[in-house]
Amino acid sequence: MQNIAVLLLLSLVSFLLGSIPCGVLISKVFFHKDVRDEGSGNIGFTNSMRSMGKVGGGAVFVGDFLKGLESCRI
């Protein structure tokens with residue numbers, strides 16, 4: 001029973017980490033604009049690269065990569 005509780009808790013943490021929109025956070029905090037208002041409107045790496053440049057796009061990539069890595073580790 002304890003294993004099921006741990007699995008459910010880890011699943012919830014993974015879900016919450018995955019729901020953090022790195023593209024929106026980085027664009028608003030560091031570039032003072034909304035990445036969804038530019039280009040394709042997507043918050044992913046490619047549109048972030050187009051609207052914020054290499055530094056902003058790279059930061060979004062790293063953030064999204066770390067989210068995926070953490071959910072795989074759990």
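I take helices as DSSP runs of H or I with at least four residues, numbered from the N terminus. The model I am reading is predicted.

**Entry: helix α2 and the residue after it**

I looked up which residues of helix α2, spanning residues 22-30, are buried. I noted C22, G23, V24, I26 and S27 as buried there. I then followed the chain past the helix and recorded that H32, just after α2, has a positive phi of about 55°.

**Entry: aromatic pairs**

How many aromatic pairs does a search of the whole structure find? I recorded two. For F45 and F61, I noted ring centres 5.7 Å apart and planes at 65°. I class this pair as edge-to-face because the angle between the planes is over 60 degrees.

For F61 and F65, I recorded a centre-to-centre distance of 6.1 Å and an angle of 20° between the planes, and I entered the pair as stacked. Where do F61 and F65 lie with respect to one another in helix α3? I found them four residues apart in α3, which covers residues 45-73, so about one helical turn separates them.

**Entry: the cluster and its accessibility**

I noted that ring pairs link F45, F61 and F65 into a cluster. I next looked up the relative accessibility of each ring-bearing residue. F45 has 36% and counts as partly exposed. F61 is partly exposed as well, with a relative accessible area of 44%. F65, at 48%, also counts as partly exposed, because a residue is exposed at over 50% and buried at under 20%.

Methods:
Residues numbered from 1 in each chain as written. Predicted model: local features only at pLDDT ≥ 70, side-chain atom pairs only at ≥ 80, totals over all residues. Heavy atoms only, no water. Buried < 20%, exposed > 50% of the residue type's maximum accessible area, 1.4 Å probe, protein only. Helix = DSSP H or I, 4+ residues; strand = E, 2+ residues; numbered from the N terminus. Phe/Tyr/Trp six-rings, centres within 6.5 Å; stacked < 30°, edge-to-face > 60°.
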